[in-house]
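Please open the structure in your viewer and keep the selection panel at hand. This tour suggests what to select at each stop and then describes what is there.

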There are 2 protein chains.
Amino acid sequence: MELDSRKKAILYAIIENYQETGEPVGSRTISKLDNLKFSPATIRNEMADLEEMGLIVQPHTSAGRIPTDKGYRLYVDRMLEEQKARNSELPALPMNDLLSRRIDRVEELLVKMAQILATNTNYTTMVTGPHYRKNKLKFLQLSSLEEEKLLVVVVLEGNIVKNHILTIDEKPDPQELLNLSFLLNNKLNGLSLEDINLGLISALKEEAGNFSDLVSRILDAVAETFAQDESYPIYTSGAPNIFRYPELTGGDRASELISTLEEKKELGTAIGQLSEGGSKQDIQVFIGDEVPVDSMKDCSVVTATYSLGEGVQGKIGIIGPKRMNYQKVVDTLKDTMNQLDKVFTKPEE
Amino acid sequence: MELDSRKKAILYAIIENYQETGEPVGSRTISKLDNLKFSPATIRNEMADLEEMGLIVQPHTSAGRIPTDKGYRLYVDRMLEEQKARNSELPALPMNDLLSRRIDRVEELLVKMAQILATNTNYTTMVTGPHYRKNKLKFLQLSSLEEEKLLVVVVLEGNIVKNHILTIDEKPDPQELLNLSFLLNNKLNGLSLEDINLGLISALKEEAGNFSDLVSRILDAVAETFAQDESYPIYTSGAPNIFRYPELTGGDRASELISTLEEKKELGTAIGQLSEGGSKQDIQVFIGDEVPVDSMKDCSVVTATYSLGEGVQGKIGIIGPKRMNYQKVVDTLKDTMNQLDKVFTKPEE
DNA sequence: TGTTAGCACTCAGTAGCTTGGAGTGCTAAC
DNA sequence: GTTAGCACTCCAAGCTACTGAGTGCTAACA
């Protein structure tokens, strides 16, 4: 059977009506639309065809139709196609404040951004922290804080900074500390985690003499910083928004979804898989069963990759019911990406 | 009317039975208990008295009784009284791993601790980040990262460390940077936010000469660090646990509770008020209406103050239904406080 | 050949009714 | 002071009937 333009129009009309109401859509409702002024009977015939093609279904015999995953997929694909030509008509999100301020704390920015996205779309947002693959050590700094504490500041490429406070036996002489710092920076800067191998480590320890113990603890701190960069954090916002969509909260599902959002681990691996494929800055849409998280099989997820320059990047995902307003979500995400890009790729001309 | 010991026994029996089942408790159930072998009729007479005293109520005419806030209050007060004498019989929580490891990252420790508490009690946990009142600047460090970036590390008393990356016009000469760093540390260390007044600031700027602009930006960073210390973060864990208790999730209440937990602001002010009164390390129990958060009027909250030494302290709160197992929660919290204290107050003998 | 009107049919949801069980309060007897 | 007995109340579950929305099918129409 062929999917002629009238069938398409009816399918899209069903989808859009169902997006608004959340109720199955009947033939009468469609026949009242301006661009589909046929009798309900005609619409019913077409609907029977659409059902045969697997694009819509009836929840029960005497109900209207709702779209299937396949139906949504068709709709979204067309939408994304048209999107390329079209410019967003949405007003830009009010992130200007956020982005124009000096961005010393990227994480805070991301959390705020997630909040804005969540409140603006009424869906749930998740953001992975900035993430730099195969990162390298840029800079290492030692300073003694007080009798038995040593502050180690580790800076990675992409200006990811972590502090570690080590408790040590005795306060080292400032000159010695300076020497040690020089030694470490000299040998380690520019190296990735893999580059720092056992041979290098033992050579370092030898050169450090008395401080070989301290050196290995500092190296632990460095390793931990790398590890943290690998296991990037995930922020979520707007989790309670799922309560707006009864189809997600029926039964115990609310609890499962909230749990998934709270335990961010599973989300992390999932979101990792999600966008392996997508080319840079592309927006991807996952509908229902396409979502690689079990508790989200009734949801759709729209993801985008943000980039903070210098190879540092992460993901933003918007989670909502399958009847989410894809148009709006995609527009909003594109807008957000653009705003971010403007700020980060041209550093303050 | 007097509350004799049999009445008390019946009240406590009702409370404990209701804790387990969540169902109103009838006279037959009580009369089957070993220590209350009277006929149901006798129990009913006593129950009528307890109801008159406002300690229990019937949800509807022909139902069993459930405790009122006042009834819980009586029960909890007695429990806390006995607690003082008694030693916890609970096995210690498996935090040993957590605590015996070197604690370089306090926040991570707190988050993990919240998780352990939540999974162990099956209630929701909230923890305020460490919080040091009237903090002082301990140490300030400047290092140039690359052409236009300057890393400022600010350390407060209590070893609270924050990084700020400033974007500057030109890379300063290393010697000048050293001078500037020396000047700032010399003038500012040991001062609180209030001590750094306008006079001091203008004097500093004058001394800094060309760098007066930079100085004011560094001071901004310092101020922000103080501010962050004031607006301490709040971590929550186990929010989905509320779904275990139907009396909390009926209607839209689940959504409200989850929202409150996600928007941590309100929690913050509330938890601040909560424990103003309590003396150090005391455990406080808030039942129903006593909780100063509207959406939690159907809950009880048990709080404790933890101390990381050097005046740094914060709060832990456990949120559950009014029929929560107060005994277990209080024991668990005490145990946790003790374990924390052991680690932090005697720094590694 | 595509469109429409009409009709019988299905089914979810709701309201009303009945029934059973749990629990109470009260009274009278022990 | 305690207990047995009894009438009473009320929730919850199950049943029935009804309504309304929506369908599929057939036959007539343009």
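How many Å separate a phosphate oxygen of DNA strand C from a polar backbone atom of Ser39(A)? Select both, and you will find that the phosphate oxygen of DNA strand C is 3.1 Å from that backbone atom of Ser39(A), where a polar contact is a pair of N or O atoms within 3.5 Å; within protein, one must be able to donate a hydrogen and the other to accept it, and residues adjacent in sequence count only if both atoms are side-chain atoms.

Before you go further, please note that this is a predicted model, in which local features need pLDDT of at least 70 and side-chain atom pairs count only at pLDDT 80 or more, while totals for chains, interfaces and linings use all residues. Residues are numbered from 1 along each chain as its sequence is written, chains are lettered from A and ligands numbered from 1 in the order in which they are written, and side-chain values use heavy atoms, with hydrogens and water left out.

**Stop 1: DNA strand C**

Stay with DNA strand C and add Thr61(A), whose side chain has an N or O atom 3.3 Å from a phosphate oxygen of the strand. Then add Ser27(B), where an N or O atom of the side chain is 2.5 Å from a phosphate oxygen of DNA strand C. Now select α3 (40-52) of chain A and α3 (40-52) of chain B, which are the elements that give two or more residues to the surface near this strand; helices (H or I, at least four residues) and strands (E, at least two) are DSSP runs, numbered from the N terminus. With 4 residues, α3(A) gives the most to the surface near DNA strand C.

Next, select the 19 residues around DNA strand C, of which Thr42(A), Thr61(A), Ser62(A), Ser27(B) and Arg65(B) come nearest; a residue is near a strand if one of its heavy atoms lies within 4 Å of it. If you color this surface by class, you should find 4 nonpolar, 11 polar and 4 charged residues, where Ala, Val, Leu, Ile, Met, Phe, Trp, Tyr, Cys and Pro count as nonpolar, Asp, Glu, Lys and Arg as charged, and the others, Gly among them, as polar. Of the strand C atoms within 4 Å of the protein, 75% belong to sugar or phosphate, and the rest to bases.

**Stop 2: DNA strand D**

Select DNA strand D, which 19 residues surround, the closest being Ser27(A), Arg65(A), Thr42(B), Thr61(B) and Ser62(B). Sugar and phosphate account for 75% of the atoms of DNA strand D that come within 4 Å of the protein. Show Arg6(B), whose side chain has an N or O atom 3.0 Å from a phosphate oxygen of DNA strand D, and then Ser62(B), where a polar side-chain atom lies 3.1 Å from a base oxygen of that strand. α3(B), with 4 residues, gives the most to the surface near DNA strand D.

**Stop 3: chain A and the cores**

Now show chain A by itself, and look through its 13 helices and 10 strands. Of its 349 residues, 50% count as buried, and buried means under 20% relative accessible area, exposed over 50%, partly exposed in between (1.4 Å probe, protein chains only).

Bring chain B back and select Met296, Tyr326 and Leu333 in both chains, since these are the residues with the most contacts inside the largest nonpolar core, which has 127 residues; such a core is a set of buried Ala, Val, Leu, Ile, Met, Phe, Trp, Tyr and Cys residues joined through side-chain atoms within 4.5 Å. A second, separate core of 27 residues includes Leu137(B), Leu177(B), Ala208(B) and Ile218(B).

**Stop 4: single residues**

Is Lys138(A) buried or exposed? Lys138(A) is buried, with a relative accessible area of 15%, and is found in strand β4 (residues 137-146) of chain A. Among the residues that Lys138(A) touches are Glu157(A), Leu145(B) and Glu146(B), not counting residues up to four places away in sequence, and contact here means heavy atoms within 4.5 Å.

Finish at Asn122(A), in the loop between α6 (106-121) and β3 (124-128) of chain A. Most residues other than glycine have a negative phi. Asn122(A), however, has a positive phi of about 65° although it is not a glycine, and at 25% relative accessibility it counts as partly exposed.
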